[in-house]
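How do the helices of this model pack against one another, and which residues make the contacts? The following explanation addresses these points in turn.

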Amino acid sequence: MISLLWGIFALAWMVLALIPLLGWGNWFLIPFAAVGAIIAAIGLLFTKSENNGRAKTGLLLNAIVIVVALVRLGIGGGII
């Protein structure tokens, strides 16, 4: 549940970071979403397979946020 909420917050932050001149927020967003993905991975390890839907969703959501933030930084010249 924590990773899902973490991913939703990261997704909202990512939408704000897509606005021009706010791309610097991606530098903070990537580690934040990575922590959410780690929390989701731990949740996957310690829950039964029939009860880990929220953890899978949180992991997927955080992974999408990380990929989009990396692409945005690459387009904007933030990653050399």
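The paragraphs below treat the helix pairs and then a surface patch.

The structure is a predicted model. A suitable starting point is helix H3, which spans residues 53-76. Its axis and that of H2 come within 8 Å and cross at roughly 155 degrees. Because angles over 145 degrees count as roughly antiparallel, H2 and H3 are assigned to that class. The crossing of these two helices is left-handed. On the H2 side, the residues in contact include Ala33, Ala34, Gly36, Ala37, Ala40 and Gly43. Their counterparts in H3 include Gly58, Leu59, Val65, Ile66, Ala69 and Leu73.

H3 also packs against helix H1, which covers residues 2-17. Here the axes lie 8 Å apart and the angle is about 20 degrees, so that H1 runs roughly parallel to H3. This crossing, too, is left-handed. H1 contributes Ser3, Leu4, Trp6, Gly7, Ile8, Ala10, Leu11, Met14 and Ala17 to the contact, while H3 supplies residues among which are Arg54, Thr57, Leu61 and Val68.

Several H3 residues appear in both sets of contacts. Ala55, Gly58, Asn62, Val65 and Arg72 meet H2, and these residues also take part in the contact with H1.

Attention may now turn to the surface. A nonpolar patch is formed there by Leu16, Ile19, Leu22, Trp24, Trp27 and Phe28. Together these side chains belong to residues with about 650 Å² of accessible area. Phe28 lies in H2, the helix of residues 25-46. Trp27, another member of the patch, is also among the H2 residues that meet H3.

How values were computed:
Residues numbered from 1 in each chain as written. Predicted model: local features only at pLDDT ≥ 70, side-chain atom pairs only at ≥ 80, totals over all residues. Heavy atoms only, no water. Patch = residues over 30% accessible without salt bridge, like charges linked within 9 Å, V, L, I, M, F, W, Y side chains within 5 Å. Areas by Shrake-Rupley, 256 points an atom, 1.4 Å probe, with all protein chains shown as cover. Salt bridge = Lys/Arg side-chain N within 4 Å of Asp/Glu carboxyl O. Helix = DSSP H or I, 4+ residues; strand = E, 2+ residues; numbered from the N terminus. Axes fitted to C-alpha atoms, helices over the stretch in contact; angles between N-to-C directions. Parallel < 35°, antiparallel > 145°, perpendicular 65-115°, else oblique. Left-handed = near helix turned anticlockwise from the far one by under 90°. Contact = heavy atoms within 4.5 Å.
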